[in-house]
Amino acid sequence: CPMEPNNNYEQEIDLKDLMFAVLRKWRPIIVIAVVFAVLLGALKTVKGIRQLGDEEYVKKNQDTYVMNLDQYNSTKGRLEKEIENLQQNIESQQEYKDHSILMNINPYDEYVETATFYISTDYAIMPGMMYQNPNTATSILKAYMSIAQNGEMYNYVLGKMNNKIGIRYLKELVKIVPDYDNNMLDITVIGDTRKTASDVMGYIKDSIASSKDSITEAIGEHENNLVDESQFVTVDLELDKTQTEFSANMDQLDISLKQKTKELSELAEPKNNLLSKGSVLKSAVKYAVLGGVLGAFIAVFFLCVAFLMSDKLVNEKELKRRYGIMVLGVFRRNDKKRAFGFVDKWLDKMEGVSGREMEDSRTFEVVAANALNYMEQDRAADVILVGTVETEKLEQVRAGLASMLGAAALSVGGNLGKDASAIKKAAACDAVILVEQRGGSLFGGIEQELDLVRSLGKKVIGCIVL
């Protein structure tokens with residue numbers, strides 16, 4: 001019975017076949033790549049030489065580069081200065097945060113001590129006297145305030161505390177408010193612990209007491225009477241707001257530093273595009289490489305398109321997939337010796353072709369054995385060789401195969417699509433064997449032959465691939 005084609009066949013793209021079909025064209029790919037490299041490199045060289053001789057163009061480029069370089073240096077210097085200032089501010093703020101008692105007080109658990117002093121003198125109004133003695137109470141109160149403001153009082157406190165904290169951080173804990181109308185001095189001390197507030201307030205009292213003699217000598221007799229004092233724990237929302245704003249300011253400094261650092265790192269120095277023989281040569285080489293890559297890509301693209309659009313028999317496996325034809329044997333390629341042939345042999349090994357190829361004599365034996373198996377009981381049949389290859393190749397196959405088929409009569413039919421005598425021989429025979437050429441036979445011609453064989457009701461034993 002004739003062999004039926006696979007009518008449900010859908011053409012599949014074998015990526016391996018596609019890859020090796022492209023790789024085997026490595027010579028034209030390299031040639032095209034070199035041509036593109038030379039063309040682009042030459043064009044860039046000619047253009048560069050012309051520009052190099054254009055004084056106006058060279059001067060314009062020089063001015064542009066100098067302007068861009070000045071702008072770059074100015075921007076870089078500004079960013080470096082801003083980063084330096086930000087780093088110093090952050091370090092200063094961090095140092096303040098680490099040492100400041102105020103910034104480490106819990107505003108919802110703030111220890112407070114207060115004290116109120118009254119400054120009294122022997123001043124009295126003398127009735128009936130035009131001349132009255134001056135009231136020195138206000139001057140004395142101002143003297144105490146002066147001692148506080150010029151730091152003498154704080155230095156006294158720090159000395160008593162063995163300078164455990166700085167004067168800056170001590171002043172943040174103390175608030176002194178004078179009441180000149182009533183000759184009173186209100187003092188408030190806050191602290192992170194009760195002991196801190198109590199110690200500072202105690203030393204301030206000592207300082208006021210120790211200052212009395214010097215003020216008396218300078219201004220006049222008086223008494224600095226402690227009229228009220230208290231100790232308590234309170235919630236200080238103003239301090240909470242101050243601490244929150246301080247933290248937000250530090251966060252903003254960190255953000256600004258990161259932004260400026262990133263801006264500096266992304267600042268690119270302008271390229272020196274001033275033309276010289278060296279730069280022209282460098283640019284030409286760059287464009288030559290680009291041209292080579294572009295040329296190779298274009299060549300590969302068109303080779304892929306040609307492979308996908310081609311109707312030629314590339315791989316014998318396609319005969320089985322398309323038409324269900326048994327491949328009786330595959331003869332090795334008789335490629336001509338070419339330069340760098342070792343590359344072709346290496347590709348054969350990668351594709352797994354070289355190991356399967358045999359000598360022609362062994363291939364004929366394999367073909368004969370397969371043909372006898374597929375002929376089954378019809379081993380005395382009249383068999384003809386048909387195919388889209390030249391008649392001379394059909395004769396060569398017949399000569400090598402005839403003596404190995406036993407009682408079967410083997411003859412050359414020809415091309416069923418072009419030779420009328422081949423059609424007559426096919427009508428008179430019992431079975432046919434197709435002979436096709438890799439890279440030469442077209443699927444359209446093979447299908448035409450198979451259609452004719454099926455219409456004649458003849459059996460297709462298989463196909464020999466050259």
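These are my notebook entries on what I looked up in this structure.

**Entry 1: the whole chain**

I'm working with a predicted model, so I kept that in mind throughout. I began with the overall tally: the chain has 15 helices and 9 strands. Of its 466 residues, 35% are buried. Next I pulled the contacts with a separation of 6 or more, and 81% of them come from residues 24 or more positions apart. For the surface, I got about 28000 Å² exposed by the chain, with carbon and sulfur atoms supplying 54% of that.

**Entry 2: Asn183**

I scanned for positive phi outside glycine, and Asn183 came up with a value near 60 degrees. Where does Asn183 sit? I found Asn183 in the loop between β2 (174–179) and β3 (184–191). My next query was whether Asn183 is buried or exposed. Its relative accessibility is 12%, and since buried means under 20%, Asn183 counts as buried. Then I listed what Asn183 touches, leaving out residues up to four places away in sequence. The list reads Phe117, Tyr118, Ile119, Ala137, Thr138 and Leu141.

**Entry 3: Asn163**

Asn163 is another non-glycine residue with positive phi, near 55 degrees. I placed Asn163 in the loop between α5 (152–160) and α6 (167–171). Its relative accessible area is 55%, and the cut-off for exposed is over 50%, so Asn163 goes down as exposed. I note the pair side by side: Asn183 is buried, whereas Asn163 is exposed.

**Entry 4: Ser139**

I then went to helix α4 (residues 137–149), where Ser139 is found. Ser139 has a relative accessible area of 39%, which makes it partly exposed. I also checked a distance from here: the C-alpha atoms of Ser139 and Tyr180 are separated by 9.3 Å. Along the chain, Ser139 and Tyr180 are 41 residues apart.

**Entry 5: cavities**

I ran the cavity search with a floor of 30 Å³ and got 2 cavities of that volume or more. I looked at the second largest cavity, which has a volume of about 60 Å³. Which residues line the second largest cavity? I wrote down Tyr144, Ile147, Ala148, Met153, Ile176, Leu185, Ile187, Ser207, Ile208 and Ser211. I sorted that lining by element, and α4, β3 and α7 (194–218) each supply at least two residues. Helix α4 was already in my notes as the place of Ser139, and β3 as one end of the loop with Asn183.

**Entry 6: Leu40**

I moved to helix α2 (residues 26–52) to look up Leu40. At 21% relative accessibility, Leu40 counts as partly exposed, because buried would need a value under 20%. What does Leu40 contact, setting aside its neighbours within four places in sequence? I got Tyr287 and Gly291. I took a C-alpha distance here as well: Leu40 and Gly292 are separated by 8.6 Å, though they sit 252 residues apart along the chain.

**Entry 7: β6 and β7**

Last, I checked a strand pair. Strands β6 (residues 382–386) and β7 (residues 409–414) run in the parallel sense and pair over 5 bridges. I traced one of the bridges, and Asp382 has Ala409 in β7 as its partner. How does the chain get from β6 to β7? I followed it through helix α13 (residues 391–401), and the β-α-β crossover is right-handed.

Technical notes
Residues are numbered from 1 along each chain as its sequence is written. This is a predicted model: local features need pLDDT of at least 70, side-chain atom pairs count only at pLDDT 80 or more; totals for chains, interfaces and linings use all residues. Side-chain values use heavy atoms; hydrogens and water are left out. Helices (H or I, at least four residues) and strands (E, at least two) are DSSP runs, numbered from the N terminus. Buried means under 20% relative accessible area, exposed over 50%, partly exposed in between (1.4 Å probe, protein chains only). Contact means heavy atoms within 4.5 Å. Two strands pair if DSSP finds at least two bridges between them. A crossover is right-handed if, with the strands pointing away from the viewer, the path from the first strand over the helix to the second runs clockwise. Accessible areas come from the Shrake-Rupley method with a 1.4 Å probe; for residues, only the protein chains shown count as cover. On a 1 Å grid over the protein atoms alone, a cavity is a set of points where a 1.4 Å probe fits but cannot get out, and a pocket is an open set with protein on both sides within 12 Å along at least five of seven lines; lining residues have an atom within 4 Å of a point. Grid points are joined across faces, edges and corners, and a volume is the space filled by probe spheres set on the points.
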